[in-house]
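The following exercises are intended to be worked through with the sequence and the structure side by side. Each task is followed by a solution in steps.

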Amino acid sequence: MQPPRNLVSPRLDCVLLALVLLVAAGLRVDGIGFGLPALNDADEPLFVGTALEMLAGPSLNPGWFGHPGTVTFYSLALLFAAVGAVGVATGQFADMTAFGAAIYADPALVILPGRLMMALFGIACIWLTFRIGERLGDSRIGLTAAAILAVNAVHIEYSQIIRTDMQASFFMLLCTLAALQIAKDGRRRHYLLAGLFVGLGCATKWPAATIAIAVIGGAIAAPGDARSRWQDLALFAASAVVTLIAVSPYLLIDHATVLANLGGEARPLHPGATGQGFLANLGWYIGAPLFTSLGVAGLVLIVIGLDWRVPGDRRWTYVILPFSLAFLLIIALQSLRWERWVLPLLPFLALAAARALHGLAAHLPARWAPAATGAMLLLLLAPMIDTTRTEAVERRTDTRQLASAWLRAHAPPGSRILIEHAAFDLLSEPWSLRFPLGAAGCVDVHATLAGRIQYSEVEGRRSGRAIVDIGHVDMARLDSCRADFAVVSNHIRYRADARHYRKELARYDRLLAGGTLRFRAAPLPGARSGPEIAIIELAPANRPPAPVKSSTAAPRPEVRQTFARPTFD
């Protein structure tokens, strides 16, 4: 098979790349404030709260190393310090203390800048994908791969969330560029750079270490003798370890916390994300996040492109292909499965699709090739763009905000509201809000925020539990969760896997016994997103809860289904 013909001028390359990046930026900024001031993503409070606590200390020790997330914590802390300094300089806040107090009332002050930073890393990943495609073939492959990634719904979604994933992907792509250079000329400085990027990636998210497979492949394809390759690979490994420790020294200093956090992350079960074995997980990744965001045409092109052979260039075979296949197999072997775990793989799949598309076009008559390539690309991108726009609409209307709207319309002033998610949008309402916090029971939200609770304190009260919800409140403290209305979502997810979550369900069953279901909202494709959520008017406090019976089957709560208005099913 012949390599694709380069028919694009350098000047047009720049124009097209700028257009792709502009579209990517627009898609990632559009709706980036979803949910605010409520925090719909369960992990954003961890990253934001830890970074703020480091500033307040002040301390360089994040105190949490589950991802490990060190690069993310440091970059967020610097960003938040800059936001606060600008706010003080412009007179918006009297001082940094006032800025810190304002965050507790409206976390959007730091959440929105943090999300914008992640969007920038997402855009940078698209540019790096172009550079890798350019190195592998020509600018057309790079531009096509960049365009595919620019409109990919999964990549856009996680470019709008404060997590470690996008930063880790950024460093993995930088390492890939270094690995391609190693395969080309085997220079020692590229091994050092590859180690630097692997170290930074690992200091962001542990699985970034898998990109070392691409470096090893590059070393195998590189010119030179085997002995020098082994020496250079040892240099690469040393560079990675030194970088990791230099960037995140508390991995050694606070190793006890590291081990505890890793133990918490290595859990075999998670409601809604428990895997079902290698083959089932592999099928889920292909059939759910990849199929949804890439479409049938995209998957077909990827399969073709992964094995597409270009004469004289072994870099795809040795650098890109082994990592891509190995990474997919590794995530499929895990106990849990998450949509976000495919993020590092998406740029490489986009490159495979681009290789196939242009490889096929190269076999057409020259006068038909440009039009045929454009038509194939349009057929590929059109359903992807439609999925992207649909999911953007869904994120704007979340089930949790629908629940908030119901409460505003129906909950009387002075009501006690028990809520499981970070509903900062309800802080100004005339109610007493309670939130489940593990060993502490259900705490008063206003009093807790007024006391400037630190995220490390939250982690301590969680006692290593994966989720903060009613199901993980100490049974002895369950009476502290008594309220007029309970807004629950995890209860429904536990019920779907009752065999594994008997203890969690027992807490819900005891608390919700005798309650009346007043509102329910479920996600609806094309209309709204979020978990299935229910508002239950609890039985009066003087009515004793039904006893929890010991049984091999998960008990069901006695909940009367009376609706004050139509539900959203």
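The exercises below concern helix packing, buried residues and cis peptide bonds in this predicted model.

**Exercise 1. Determine how helix α5 and helix α8 are oriented to each other, and describe their contact.**

Step 1. Helix α5 covers residues 108-136, and its axis lies 9 Å from that of α8, at an angle of about 20 degrees.

Step 2. Angles under 35 degrees count as roughly parallel. The two helices, α5 and α8, are therefore roughly parallel to each other.

Step 3. The handedness of the crossing of α5 and α8 is left-handed.

Step 4. On the α5 side, the residues in contact include Met 117, Phe 121, Cys 125, Leu 128 and Ile 132. On the α8 side, they include Phe 170, Leu 173, Leu 177 and Leu 180.

Step 5. Sorted by class, the contact of α5 with α8 comprises 14 nonpolar, six polar and two charged residues.

**Exercise 2. Carry out the analysis for helix α6 and helix α17.**

Step 1. Helix α6 spans residues 139-150 and helix α17 spans residues 369-396. Their axes come within 10 Å and cross at roughly 20 degrees.

Step 2. With 35 degrees as the upper limit for a roughly parallel pair, α6 and α17 are therefore roughly parallel to each other.

Step 3. The crossing of α6 and α17 is left-handed. Thr 144, Ala 147 and Ile 148 of α6 make the contact with Leu 377, Leu 380, Leu 381 and Met 384 of α17.

Step 4. In this contact of α6 with α17, six residues are nonpolar, one is polar and none is charged.

**Exercise 3. Establish whether helix α10 is roughly parallel or roughly antiparallel to helix α11, and identify the residues that meet.**

Step 1. Helix α10 (residues 212-221) packs on helix α11 (residues 226-247) at an angle of about 160 degrees, and the axes are 10 Å apart.

Step 2. Since an angle over 145 degrees counts as roughly antiparallel, α10 is roughly antiparallel to α11.

Step 3. The crossing of α10 and α11 is right-handed.

Step 4. From α10, Ala 212, Val 215, Ile 216, Ala 219 and Ile 220 take part; from α11, Arg 229, Leu 233 and Phe 236.

Step 5. The contact of α10 with α11 contains seven nonpolar residues, no polar residue and one charged residue.

**Exercise 4. State how many residues of helix α9 are buried, and name elements that cover them.**

Step 1. Helix α9 (residues 188-204) has 17 residues and reaches 25 Å from its first C-alpha to its last, close to the expected 24 Å.

Step 2. Of these 17 residues, 12 are buried, and α9 is mostly covered. Among the buried residues of α9 are His 190, Tyr 191, Phe 197, Val 198 and Cys 202.

Step 3. The cover over the buried residues of α9 includes α3 (70-89), α8 (165-185), α10 and α11.

**Exercise 5. Decide whether Asp 232 and Phe 327 are buried or exposed, and list their contacts beyond four places in sequence.**

Step 1. Asp 232 belongs to helix α11. Its relative accessible area is 6%. The cut-off for a buried residue is under 20%, so Asp 232 is buried.

Step 2. Apart from residues up to four places away in sequence, Asp 232 touches Gly 186, Arg 188 and Tyr 191.

Step 3. Phe 327 lies in helix α15 (residues 315-332). With a relative accessible area of 4%, Phe 327 is also buried.

Step 4. Phe 327 contacts Met 172, Pro 207, Thr 210, Trp 341, Pro 344 and Leu 345, leaving aside neighbours within four places in sequence. Between Phe 327 and Trp 341, 14 residues apart along the chain, the C-alpha separation is 9.5 Å.

**Exercise 6. Locate the cis peptide bonds that join Leu 36 to Pro 37 and Gly 57 to Pro 58.**

Step 1. Most peptide bonds are trans.

Step 2. The bond between Leu 36 and Pro 37 is cis, with omega about 10 degrees. Pro 37 is placed in the loop between α1 (10-29) and α2.

Step 3. The bond between Gly 57 and Pro 58 is cis, with omega about -20 degrees. Pro 58 is found in the loop between α2 and α3.

Step 4. Helix α2 comprises residues 44-56. Its buried residues include Leu 46, Phe 47, Val 48 and Met 54.

Terms used
Residues numbered from 1 in each chain as written. Predicted model: local features only at pLDDT ≥ 70, side-chain atom pairs only at ≥ 80, totals over all residues. Heavy atoms only, no water. Helix = DSSP H or I, 4+ residues; strand = E, 2+ residues; numbered from the N terminus. Expected span 1.5 Å × (residues − 1). Buried < 20%, exposed > 50% of the residue type's maximum accessible area, 1.4 Å probe, protein only. Axes fitted to C-alpha atoms, helices over the stretch in contact; angles between N-to-C directions. Parallel < 35°, antiparallel > 145°, perpendicular 65-115°, else oblique. Left-handed = near helix turned anticlockwise from the far one by under 90°. Contact = heavy atoms within 4.5 Å. Nonpolar A, V, L, I, M, F, W, Y, C, P; charged D, E, K, R; others polar.
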